[in-house]
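Work through the following exercises with the sequence and the model side by side. Try each task before reading its solution.

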Amino acid sequence: DDDVIEKSNLSRQFLFRDWNIGQAKSTVAASAAVSINPQLKIEALQNRVGPETECVFNDDFWENLTVVINALDNVNARLYVDQRCLYFQKPLLESGTLGAKCNTQMVIPHLTENYGASRDPTEKQAPMCTVHSFPHNIDHCLTWARSEFEGLLEKTPAEVNAYLSNPSEYATAMRNAADAQAKDSLERILQCLEQEKCETFQDCVTWARLRFEDYFVNRVKQLTFTFPEDATTSTGAPFWSAPKRFPRPLQFSTTDPSHLQFIMAASILRAETFGIPVPDWVKNTKMLAKAVEKVIVPDFQPKEGVNIETDEKATSLSTGSVDDAAVINELLFKLERCRNNLPSGFRMKPIQFEKDDDTNYHMDLIAGLANMRARNYSIPEVDKLKAKFIAGRIIPAIATSTAMATGLVCLELYKVLDGAHKVEDYRNTFSNLALPLFSMAVPVPPKVMKHRDMSWTVWDRWILRGNPTVRELIQWLKDKGLNAYSISYGSCLLFNNMFPRHKERLDKKVVDVAREIAKEDLPPYRSHLDVVVACEDDEDNDINIPQISVYYR
């Protein structure tokens, strides 16, 4: 595990204590486990398990394992370990918790399906237009607030730095893209470095005050101008019918503590991105109010013809146009002129959202953004703690669920280590302590595929030794009654019988074609490469065959 212990980790397990906050998870867990059982032999590694660490967790590492026990917190990592266990045919004991729920899944070579064979339905998310223009609960407001936080304080500064690090390369990439996303990115960079550039803390206060006006006054005025309270849909139904809420613009006031709290958090974080020192007076209400009153807020007039997305199926608010390329060139010209006016070596500091530090003003800003927006739409506001749970996507953890999942996995571990068990001896479990519900089931066996007198499952991998040529690989499959028409290595197409020029590759070694097409050296710790071959039978029916490992030394 490459992660460090955070405060929110303490309630969900038994190995970390509050004095371990900030230390490496794997090191502390190993130390605590050995203190419980001094005879335990354990090695703690601060490596993330993934494709980028296959030089550490190499073939020898996986081949020498007896069993793999997951304690992961995300689906992608689980899928990666699942694929490795499939490849090396190792038992995998998978488990997870979610509040009062816990589950365990046994993945046993050749006996059960693998973890990735079935997926939970994706979590339903609010449509983009609801979050951006038509929120009707505090979750929508907090989702929007976190998105704005990351856009203003992390994404845009990172884009600025990417541009400043290599302007010509960035410009080329934007010209090649020539789409609405590239245009939006350049507009954000230009706005940050030109119209909204901050050199003093007063500039940051000005930026925060104008942000308030933009978010909670001007945008609402534009929305209600485009869709008045009595607006109707194309079918004649009221546009502002439930669950939509008709919004009202806010009136900024230095006498409203929540308004000043928003300005304080926003200006402090803006100053951090520009490397501007934060003065002590920002925490003095009267002095902050005086600084805010210096800001000249321009009048706003709603415009005709503004497009506001109302389609719940839309996935982007960006709209492309035939003039994107011309606009991009103009923006790049302005950016180049702007860059020449920056101090030498100027860079911004992107801020990554951190929910567990109560002194960094991250949650202050997110709660402020969400509650002001909630006020626009007459949605009940929440305190900072509730905002932290929703925006931080924290699901309350119960040590009881963790203990239960651990115990259930350990019961199955005895069976794996004992060996020679049938699939009927193993159990997958799901429980919900809140109901209470306890469900145990025999794992699902893997799907069996057949061709002629052969059969295989997802656990099988075919091996071809002797450093064969492409022709020899095709003939080897032909002898099995399979007609290979396409051979792939990763994302590279090594051979396809549709392309006449590929016939030149037939008498080349598979490994040499892979090196030539992939344009990379194969890792020194590898003695084989894995190819995916598309095959048909003699009746032209596609046959899904196992992955083939071609050994070249």
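**Exercise 1.** At the start of α10, which backbone nitrogen does a side-chain oxygen of Asn284 reach?

Solution. This is a predicted model, in which local features need pLDDT of at least 70 and side-chain atom pairs count only at pLDDT 80 or more, while totals for chains, interfaces and linings use all residues. Residues are numbered from 1 along each chain as its sequence is written, and side-chain values use heavy atoms, with hydrogens and water left out. At the start of α10, the side-chain oxygen of Asn284 comes to within 3.0 Å of the backbone nitrogen of Lys286. Helices are DSSP runs of H or I with at least four residues, strands are runs of E with at least two, and both are numbered from the N terminus.

**Exercise 2.** Find which residues of helix α10 are buried and which elements they pack against.

Solution. Begin with the term: buried means under 20% relative accessible area, exposed over 50%, and partly exposed in between, with a 1.4 Å probe and protein chains only. In α10, which runs over residues 285-293, the buried residues are Leu288, Ala289, Ala291 and Val292. They lie on the same side of α10 because they cover an arc of only 160 degrees around the axis, the arc being that of the directions from the helix axis to the C-beta atoms. Next, look at the face turned away from this buried side, where the exposed residues Lys286, Lys290 and Glu293 are found. Finally, the buried residues of α10 pack against α8 (201-226) and α9 (257-274), where contact means heavy atoms within 4.5 Å.

**Exercise 3.** Repeat the analysis for helix α15, and state what covers its buried residues.

Solution. Helix α15 comprises residues 470-478, and Val470, Leu473, Ile474 and Leu477 are buried in it. These residues cover an arc of only 95 degrees around the axis, so they are on the same side of α15. Among the elements covering them are the strands β8 (462-464), β9 (483-489) and β10 (492-496), together with helix α16 (510-518).

**Exercise 4.** Establish how many disulfides the structure holds, and examine Cys129 and Cys141.

Solution. A disulfide is a pair of cysteine sulfur atoms within 2.5 Å, and the structure holds 0 of them. Cys129 is in no disulfide, and the cysteine sulfur nearest to its own, that of Cys141, is 14 Å away. Cys129 is buried, with a relative accessible area of 3%, and Cys141 is likewise counted as buried, at 0% relative accessibility.

**Exercise 5.** Describe the pair formed by Trp456 and Trp462, then look for ring clusters and for charges over rings.

Solution. A pair of aromatic rings is described by the distance of the centres and the angle of the planes. Rings of Phe, Tyr and Trp (its six-membered ring) pair if their centres lie within 6.5 Å, and planes under 30 degrees apart count as stacked, over 60 as edge-to-face and the rest as tilted. The structure holds 23 aromatic pairs. The one formed by Trp456 and Trp462 is edge-to-face, at 5.3 Å centre to centre with 75 degrees between the planes. Trp456 is buried at a relative accessible area of 3%, and Trp462 counts as buried at 14%. Elsewhere, ring pairs link Trp144, Phe212, Tyr215, Phe216, Phe252 and Phe262 into a cluster.

For the charges, the criterion is that NZ of Lys or CZ of Arg is within 6 Å of the ring centre and within 35 degrees of the ring normal. Arg461 lies over the face of Tyr87, 3.8 Å from the ring centre, and Arg465 lies over that of Tyr551, at 4.4 Å.

Note on methods:
Polar contact = N/O pair within 3.5 Å; in protein donor to acceptor, adjacent residues only side chain to side chain.
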